[in-house]
Amino acid sequence: MASSLPVEAIRTLSEQHPKPSNVHYQYGTAGFRTLGNILDSVMFRVGILAALRSKRLDGKTIGVMVTASHNPEPDNGVKLVDPRGEMLEAAWENHATNLANAPTTDAFIDALDAFVKTLNIDLSKPARVVYARDTRPSGPALIAALEDGFKAIGAETRNAGVTTTPVLHYLVKAINTKGTKDAYGEDSEEGYLQKLSTAFKKLVAGKPAIPPLVIDCANGVGAIVGEKLAEHLGNTLKLILHNTAITTAGALNNACGADFVKTSQRLPPSLASVLKPGQRACSLDGDADRLIYYYLDDRGQFHMLDGDKIAALVAAFIVELTKSAGLDGEIQVGIVQTAYANGGSTKYLSERLPVKCVPTGVKHLHHAAEHYDIGVYFEANGHGTVLFSPETLEKLATYQPSTPAQSTALNHLISLTQVINQTVGDALSDMLLVEVVLTHKSYSGLEWDSLYVDLPNRLVKVVVPNRSIFKTEDAERRLVSPPGLQAKIDDLVRRYEGGRAFVRPSGTEDVVRVYAEATVRSQADELAFRVAGLVYDDVGGDPSKRPAEFL
């Protein structure tokens, strides 16, 4: 194996970014994510890790995104993006965690050395990295620490500046496919905007004018890219951007954004005077990778259209297009959900296409969606996308339609592959996708909402002494441990019409989450609180601290 680690350069720079002694870092689905003011050492080390990942993959470009998405403004985080624009290979999450937790510079260098040997990384290979950040105030200092990591190991880098997480994913794929037959698009933010807006204009050409769309940008980076997208779209779709205060301290994700709307199930207060009855709007989250729609009905009542509603709208439309193109026997469209998907959506979709349920987390959804010719996945929180397999893209490019109607449908399918960011959930891309379907179907928010009725549901957190005793199966829909608890839950569920409930441990805190649904709102609430009470008592919760609402 050629060349060795530049130990002295690493040592000198590492001393400037010491690890705090009392903090344990964990690389999860969202990368490292915690308070921005304790991430300095992590950033430096991630800079080196990203370069080693690139060397391990023969000099392919790796992405690094500095963001904490929908979290509060004081938080920040960092995640790596693999060459096809997908999440970091799962096996490397542990390597990242180990390197981040080495207590001293010496320990870090030893860990690096062992890591390079174990993975047989050829250090003579080039290292190439592209990186970006969101608008958080802690961003610039963290980027400086990351750049010290790049400098220590001698990586070739490209700073993509302040942009959305999905744009960075796009850039990674575009850079790595440049000049090949799979070229994903021009490798710049401008290239991204051009690709999306051109495809969108083709898809709505000749359709009636689209009414303007109100967008809540969560006072985050979506405001910057959203404004540029608005210029590209011009009069085809007028975007009215709100919550664009990216320099106002404390504004990010505060009483606005997709996560606020989904969890509080209400309009961002800042839009109360803006949205008119009958008008539709949407919210992005802090780094623009989640999207939630909503509208006010004629009585001014708020109605949310979440990831489940988006999935139903989009999947049914794609199934329709494949049929119209004469490809329904050739291309299988499938949808992937988690246990949190509303029973109403599962029923609606199951009548139209194959539905698969997988454990919670983007990597499970993305992976399962890759097994279909066209795989649609959305989490209820508004994060999702559509994947077209390489074989399907090939089929669309070479298929000979036999009628003008088939030809039109085929061209629409091809344009959809351009408007959709297939690397990751992308709020702006998904928003254009939704607008395409609403335009083709002439749906208002109300008509979209009435495709199916959501079953009333309730999510309850139960604080437990140790979440690790909770083990699940059947895509987290059933408990295998603690023993006997599932049978008691089944017993309860049977008493409720349309009843369904499941219990799963949180991935991030010592709580378990109880989800319940039933045909009637009061029954869904009662079922959730009964199951919560059952869980609390079963694991020996302190009776004096038992929440009053648990039944």
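## Two helix pairs

In this predicted model, helix 1 (residues 7–14) packs against helix 5 (residues 139–153) at an angle of about 160°, and their axes are 8 Å apart. Two packed helices are described by the angle between their axes and the distance between the axes. What does the angle say about the directions of helix 1 and helix 5? Angles over 145 degrees count as roughly antiparallel, and helix 1 and helix 5 are therefore roughly antiparallel to each other. Their crossing is right-handed.

You can find this contact in the structure by looking for a few side chains. Helix 1 brings Ala9, Ile10 and Leu13, which meet Asp148, Lys151 and Ala152 of helix 5. By type, the residues of this contact divide into 4 nonpolar, no polar and 2 charged.

Now turn to another pair, helix 7 and helix 14. The axes of helix 7 and helix 14 (residues 404–419) come within 8 Å and cross at roughly 155°. That angle makes helix 7 roughly antiparallel to helix 14. Which hand does the crossing of helix 7 and helix 14 have? The crossing of these two helices is left-handed.

On the helix 7 side, the contact is made by Lys195, Leu196, Ala199, Phe200, Lys202 and Leu203, while helix 14 supplies His412, Ser415, Leu416, Gln418 and Val419. Sorted by type, the residues of the contact between helix 7 and helix 14 give 6 nonpolar, 3 polar and 2 charged.

## Rings that pair up

Next come the aromatic side chains. A pair of aromatic rings is described by the distance of the centres and the angle of the planes. With centres within 6.5 Å as the rule, the count comes to 13 aromatic pairs. One of them joins Tyr170 and Tyr192, and this pair is edge-to-face, with 5.4 Å from centre to centre and 70° between the planes. Distant parts of the chain are linked here: Tyr170 sits in helix 6 (residues 165–177) and Tyr192 in helix 7 (residues 189–204), 22 residues apart. Are these two rings' residues buried or exposed? Tyr170 is buried, with a relative accessible area of 1%, and Tyr192 counts as buried at 1% relative accessibility.

Another edge-to-face pair is formed by Tyr293 and Trp448, with 5.3 Å from centre to centre and 65° between the planes. This pair, too, links distant parts of the chain, since Tyr293 belongs to strand 9 (residues 291–296) and Trp448 to helix 16 (residues 445–449), 155 residues apart. Both Tyr293 and Trp448 are buried.

Tyr170 and Tyr192 also belong to a cluster: ring pairs link Tyr170, Tyr184 and Tyr192.

## Three residues and their contacts

The table introduces three residues, each with its place and its relative accessible area.

| Residue | Place | Relative accessible area |
|---|---|---|
| Thr417 | helix 14 | 6%, buried |
| Thr338 | loop between strand 11 (333–337) and helix 11 (343–350) | 8%, buried |
| Ser345 | helix 11 | 0%, buried |

What does each of them touch, leaving aside neighbours within four places in sequence? Thr417 is in contact with Phe388, Leu393, Leu396 and Gln422. Thr338 is in contact with Cys357, Val358, Pro359, Thr360 and Leu365. Ser345 touches Asp308, Gln337 and Tyr452.

Places in the sequence can also be set beside places in space. Thr417 and Lys173 are 244 residues apart in sequence and 15 Å apart in space, C-alpha to C-alpha. For Ser345 and Thr423, the separation is 78 residues in sequence and 24 Å in space, again C-alpha to C-alpha.

## Backbone details in loops

Finally, follow the backbone through three loops. The peptide bond from Ser481 to Pro482 is cis, with omega near 0°. Pro482 lies in the loop between strand 17 (478–481) and helix 17 (485–493).

Asn120 has a positive phi of about 55° although it is not a glycine. This residue is found in the loop between helix 4 (105–118) and strand 4 (128–133). Asn120 is exposed, with a relative accessible area of 57%.

Asn243 also has a positive phi without being a glycine, with a value near 50°. Its loop runs between strand 7 (239–242) and helix 9 (258–264). Is Asn243 buried or exposed? Asn243 is buried, with a relative accessible area of 15%.

Key:
Residues are numbered from 1 along each chain as its sequence is written. This is a predicted model: local features need pLDDT of at least 70, side-chain atom pairs count only at pLDDT 80 or more; totals for chains, interfaces and linings use all residues. Side-chain values use heavy atoms; hydrogens and water are left out. Axes are lines fitted to C-alpha atoms, for helices over the stretch in contact, and angles run from 0 to 180 degrees between N-to-C directions. Helices (H or I, at least four residues) and strands (E, at least two) are DSSP runs, numbered from the N terminus. Angles under 35 degrees count as roughly parallel, over 145 as roughly antiparallel, 65 to 115 as roughly perpendicular and the rest as oblique. A crossing is left-handed if the near helix is turned anticlockwise from the far one by less than a right angle, and right-handed if clockwise. Contact means heavy atoms within 4.5 Å. Ala, Val, Leu, Ile, Met, Phe, Trp, Tyr, Cys and Pro count as nonpolar, Asp, Glu, Lys and Arg as charged, and the others, Gly among them, as polar. Rings of Phe, Tyr and Trp (its six-membered ring) pair if their centres lie within 6.5 Å; planes under 30 degrees apart count as stacked, over 60 as edge-to-face and the rest as tilted. Buried means under 20% relative accessible area, exposed over 50%, partly exposed in between (1.4 Å probe, protein chains only).
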